[in-house]
Structures are given as C-alpha cells and as structure tokens.
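The paragraphs below go through one protein chain, from its overall make-up to its sheet, its helices and two individual residues. Please keep the sequence and the model in view while reading.

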Amino acid sequence: MNGNTPYAGLPGETGAGQRAAADVPDLSRDQKRLLHRDVSRIAARTREFLPSEYVVDSDVSSGMTGPQVTVAVRPPVGHAVSAGFTPDLEDVAAGEEVITADERSEVARGLAASAALQVKQAVSNNVTPTGK
C-alpha cells in the first residue's frame with residue numbers, strides 16, 4: 001500500500017518522504033534577485049501604510065516545491081501576520097515580473113490592515129470607552 005503514495009520513495013534512489021532532486025527546481029542568481037526585488041517592494045509598500053513601531057520583513061526561501069515568498073508584519077502588540085505564496089516557476093524562469101504592481105499594492109494593504117486589526121484586538125479589552 002505504501003508503494004502507491006508519492007511519499008514512499010524509490011528504492012535506492014529517493015528516501016521515503018523525500019522528493020527526487022530533479023523535481024525541485026534550482027533558480028539562477030538573477031531569478032533569485034528578481035524574486036527578492038518583488039518581495040522587497042511589497043515590504044516597502046507595507047511600511048508606507050504603517051507607523052514605524054511595526055516591523056515588516058520579507059523572505060525568499062526554498063521549499064519542497066520550489067521557491068517560497070513571504071512578507072510578515074510584527075505589530076507592537078498582538079499577533080504577527082504574514083502573506084506567502086509559491087511563485088509560478090515559468091514566470092520566474094522567463095525573467096518576467098512575478099508579482100504585478102496591483103498585486104503588490106493589494107498584498108501590502110491587506111497586511112497593513114491585518115496588522116492594525118491585531119493591535120486593535122489586543123488593546124480593545126484594556127481601553128475604557130470615553131463616551132457612548
């Protein structure tokens with residue numbers, strides 16, 4: 001039964017739960033630079049929406065299915081929020097813009113709003129309303 005799953009591995013080639021090295025794409029230095037540029041633009045746009053007390057960071061890492069892109073915001077109080085995705089490898093390989101300007105703005109606004117909501121929820125229990 002285990003031999004029918006993609007996690008069984010190939011005897012002598014791929015261990016159980018591992019992917020074959022040929023299945024995981026390698027990105028060139030220029031492709032990685034393009035991904036870093038796009039994700040850095042999202043982080044910069046997110047910083048424009050938030051006060052300096054919010055920490056915004058971005059990351060491009062390698063996952064089991066290829067590159068993983070993440071932008072995270074740590075508000076001064078409350079839980080951190082993040083947005084991440086796996087870019088289309090064909091777009092990356094072609095050297096095209098992986099994340100459009102509209103998508104960058106949409107993600108940045110969403111992250112900023114989510115981070116602000118985390119602060120609001122964290123302090124709402126400790127604030128007495130001044131009027132009704």
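The model is predicted. A starting point is helix H3, where the buried residues are Arg104, Ser105, Ala108, Leu111, Ala112, Ala115, Gln118 and Val119. Much of this list follows a spacing of three or four places. An α-helix has 3.6 residues a turn, so residues three or four places apart point the same way. The buried residues of H3 pack against H1, S2 and S3. The helix itself comprises residues 101-123 and lies across S2 and S3, at about 150° to S3 in direction. Its length is regular: 23 residues at 1.5 Å a residue should span 33 Å, and the end C-alpha atoms of H3 are 33 Å apart, which agrees.

H3 is one part of a chain with 3 helices and 3 strands. Read from the N terminus, the order of elements is α-β-β-β-α-α. The chain has 132 residues, and 25% of them are buried. Its exposed area is about 8900 Å², of which carbon and sulfur atoms supply 50%. Of the contacts between residues at least 6 apart in sequence, 52% join residues at least 24 apart.

Next comes the sheet. Its 3 strands are arranged in the order S1-S2-S3, with antiparallel pairing, and the sheet is open. Strand S1 (55-63) and strand S3 (81-85) are the edges; each has a single partner strand, so one side of each lacks a neighbour in the sheet. On average, neighbouring strands are turned by 15° against each other, direction ignored. Strands S2 (residues 66-74) and S3 are joined in the antiparallel sense over 5 bridges. Valine 73 has valine 81, in S3, as its bridge partner.

Helix H1 (residues 29-49) also packs on this sheet, where it touches S1 and S2, and its direction makes about 160° with that of S1. H1 has 21 residues and reaches 31 Å from first C-alpha to last, close to the 30 Å expected at 1.5 Å a residue. Which residues of H1 are buried? They are Gln31, Leu35, Asp38, Val39, Ile42, Ala43 and Thr46. These residues cover an arc of only 135° around the axis, which puts them on the same side of H1. The face turned away from that buried side carries the exposed residues Arg29 and Glu48. What the buried residues of H1 pack against is S1, S2, helix H2 (89-93) and H3.

Two residues can be followed individually. Glutamine 31 is found in helix H1. Its relative accessible area is 14%, and the cut-off for burial is under 20%, so glutamine 31 counts as buried. Leaving out residues up to four places away in sequence, glutamine 31 touches Asp26, Val92 and Ala93.

Proline 75 is located in the loop between S2 and S3. Is this loop residue buried or exposed? Proline 75 is buried, with a relative accessible area of 3%. Apart from neighbours within four places in sequence, proline 75 is in contact with Tyr54, Ala80, Ala115, Gln118 and Val119. Among these partners, Ala115, Gln118 and Val119 belong to the buried residues of H3. Proline 75 and valine 119 are 44 residues apart along the chain, and their C-alpha atoms are separated by 6.6 Å.

Methods:
Residues numbered from 1 in each chain as written. Predicted model: local features only at pLDDT ≥ 70, side-chain atom pairs only at ≥ 80, totals over all residues. Heavy atoms only, no water. Pairing = 2+ DSSP bridges. Helix = DSSP H or I, 4+ residues; strand = E, 2+ residues; numbered from the N terminus. Axes fitted to C-alpha atoms, helices over the stretch in contact; angles between N-to-C directions. Contact = heavy atoms within 4.5 Å. Expected span 1.5 Å × (residues − 1). Buried < 20%, exposed > 50% of the residue type's maximum accessible area, 1.4 Å probe, protein only. Areas by Shrake-Rupley, 256 points an atom, 1.4 Å probe, with all protein chains shown as cover. Arc of directions from axis to C-beta.
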